[in-house]
Each structure stands twice: as structure tokens, then as C-alpha cells.
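Me: I should like to go through the terms used to describe this model and ask what each one rests on. Please set the value against the criterion in every case.

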Amino acid sequence: MSVERVLLASPRGFCAGVEKAIKALDWMTKVFEPPVYCYHEIVHNAHVVEHFKSLGVIFIDDVSEAPPGSPIMLSAHGSPPSVITAARSNGGTVVDAVCPLVTKVHHELKVRSRKGYTVLYVGHEGHEEAVGTMAVAPESVHLIQTTSDIDAVANGPGPFAMLSQTTLSLDEWQHLRDYALEKIPELWLPNRSDLCFATTNRQAALRMLSGEADSVVVIGSGNSSNTVALTKVAESAGVQRVFRVNSAEELPVDLTGSVAVTAGASAPESLVEAVVERLQPHSGVYVNPVTIEDEYFPPPPELREILRSLEVVAKAVFTGEISGEDVTVRDREFAAADVLAD
Ligand code: SF4
């Protein structure tokens, strides 16, 4: 391998929603006796999932697998209402780590459905976020993956609205939106697309580097939608060699010239560091951020309540005082990367 330079995309890796979910599950492992049950992978990254398995978290695909009374966390991708109900009736504490930007789409779908719209939902079949969102109003929503899916719906009863999964490639979404607008000029769309800031920022950062790169390495898991979207961005920018790797060990050995490196929103920075170390660029690493992300999502409300109560009890026991510190202050003091490095 003879890599001249590494062009490091910025922003890359963990987004605010993933930070929130990882730290919330970490709090759960500290507050409850193991095992804590987690419905679906907390985020789509094998390294993160393995870390939590080592702490006694059991990942399940059906909440009935959790014994009655056990603590359950619901993943960042958002869960169908029936799953939330089943988890709550299991008798234990339930903490929902859904990203607020996914919740926003659930809410949009609920509102459009109530107003009588037929909703075209651009998403990927079987992806947990798409499954969870569509379950909010299954009677009103149609999954859109291709232009023929739009054709199939456009002749049915209106009015029509279009929503989308938060982690799609911008090109894919724009193509389907433009086609839908041609077919249905009165189509209702949200003021801003449902693609989240983390998805669009990571794609913009990679797009900016793609023109200078001989190859692109995207770090992240194959079931991570925003990771796969990053590979599509590089391919559509004309980069000849695009690789998605789970870790540095999967890097091809014949990379040369300028290599752009990025990471999906659920991939830890430690994987990026290992990839750069393995690439050993002769003339160094170049970073040119397209934007600085400073979004912060506080812990889920149910967890905040538990932590606040523990705080009050601990303070009362040790100091005799009764006061409830805002737990988000402490939560802000550490990053998901610290949790994983522990
Ligand atoms: S990628 Fe976007 S929607 Fe998904 S967790 Fe991150 S901020 Fe939330």
C-alpha cells in the first residue's frame, strides 16, 4: 500500500442521535442489574453492539423474549406503536432511545394521516426505521423505493403527501421527490426534507472530497442506511474505487494516491483512527470541515426521571439535603466514545 494522503471527511461518525442512544444504554447498564434487554441493535454498528453484549445487554427482535419485569430499551431507529405498548405491558422499566428526528417523522405521518392524506414514504423495505415509521399509520402510507411505486399510488385517492426515512442519500430522495412532483403537482412536502442534518452533513463533506480522491473508504456496518448512502454519494461523484469496511482489517491492500475516509453516523471514531493508521499516508492527513455540528440530544425522558430520582436519594442519604440536579448537565460531560473506551 502506498497512500499519498488521507482526506478526512468532517463531520463524520457519531451524530447527536447515536450519542444519545449509546449513552442512554450505558446509563441503563449502570442503573439496572444485568441483563438489560434492548429491542433491536441500539444503533447499526457491530462494534457498538458487541461492547454492550459484553456488559450483559441482550439484544432481542421481539419484546416477548424479555422476561416479565425486565428493563427494556428501544433502539434509536424508532419502534412501531405495538412494540412500545408490548414493552410497557411487560411490567418493567421501558426507555425509548428513539432519535427525536425520527419521532418528528412519526408525528408528521400521524398528522397527515388524520387529515386524510395518502402518504408516500420514501424508505428502504425492512429497515427498522421504515418499519417503525410506517406502523404509525399503516392504513395511509405506501412505501416508495422506485418510480414505479409512485406510478402505482398516484392514480389512487388524494390528497398526497411525501415523507422519508432520515438516512437516505440526497440524490436518491431528490430523484423520487422530483418524479413524484411531476406526477402529483399538488403533492404536500415538509418545509425541510426529512433527511436529518447528520445524513446531509456527512454526505456534503464526502461530496466535497470526492473530486480529489482516487478512492473512498466508508467505515460502517452494511445494515446502516446512512453508511450505505455515503458509498452511493462517492459512486455518483464518479470515484472509481469505493469501499465500505467494518474495520481497518477489511481495507484493501492496494490503495494508492489520495484516499478519502469517512464514517457512518453509528461508527465509532476509534475505527477511523485505526483505518488512518493502517493507511499510513506519506504526506499526512487533511481535514476541511464543511460544518461544525454542536447538536445535543438529552437522555430519553424516562431515563432522566430515573436518574433524577437516584440523584435525589443519593444526595439525601449522603448529605441530608434534598435537591434534584439536572442530569443532562452530567450527561453532557462525557461522549459516547468515552463510554465505549471504558
Ligand atoms: S442519523 Fe439522523 S436520524 Fe439517525 S440517529 Fe443520527 S441524527 Fe438521528
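Me: Why are helix 8 and helix 9 called roughly parallel to each other?

Reply: In this predicted model, the axes of helix 8 and helix 9 (residues 225-236) cross at roughly 30°. Angles under 35 degrees count as roughly parallel, and helix 8 and helix 9 are therefore described in that way. Their axes come within 9 Å, and the crossing is right-handed.

Me: What makes the contact of helix 8 with helix 9?

Reply: Helix 8 contributes Thr199, Arg202, Gln203, Leu206, Arg207 and Ser210. From helix 9 come Asn226, Ala229, Leu230, Val233 and Ala234. By class, the residues of this contact divide into 5 nonpolar, 4 polar and 2 charged.

Me: How do you know that strand 1 and strand 11 pair?

Reply: Pairing requires at least two bridges between the strands. Strand 1 (residues 2-8) and strand 11 (residues 256-263) have 6 bridges, in the parallel sense, so the criterion is met. One of the bridge partners is Ser258 in strand 11, opposite Arg5.

Me: What supports the pairing of strand 1 and strand 12?

Reply: Strand 1 and strand 12 (residues 285-287) are joined in the parallel sense over 3 bridges, and at least two are needed. Val6 has Val285 of strand 12 as its bridge partner.

Me: Which residues come nearest to the ligand, and which helix supplies the largest share of the shell?

Reply: Of the 15 residues around the ligand, the nearest are Cys15, Gly17, Cys99, Thr166 and Cys196. Helix 1 supplies the largest share, 3 residues. The shell has 10 nonpolar, 5 polar and no charged residues.

Conventions:
Residues are numbered from 1 along each chain as its sequence is written. This is a predicted model: local features need pLDDT of at least 70, side-chain atom pairs count only at pLDDT 80 or more; totals for chains, interfaces and linings use all residues. A residue is near a molecule or strand if its C-beta atom, placed from the backbone, lies within 6 Å of it. Helices (H or I, at least four residues) and strands (E, at least two) are DSSP runs, numbered from the N terminus. Ala, Val, Leu, Ile, Met, Phe, Trp, Tyr, Cys and Pro count as nonpolar, Asp, Glu, Lys and Arg as charged, and the others, Gly among them, as polar. Axes are lines fitted to C-alpha atoms, for helices over the stretch in contact, and angles run from 0 to 180 degrees between N-to-C directions. Angles under 35 degrees count as roughly parallel, over 145 as roughly antiparallel, 65 to 115 as roughly perpendicular and the rest as oblique. A crossing is left-handed if the near helix is turned anticlockwise from the far one by less than a right angle, and right-handed if clockwise. Two residues are in contact if their C-beta atoms, placed from the backbone, lie within 7 Å.
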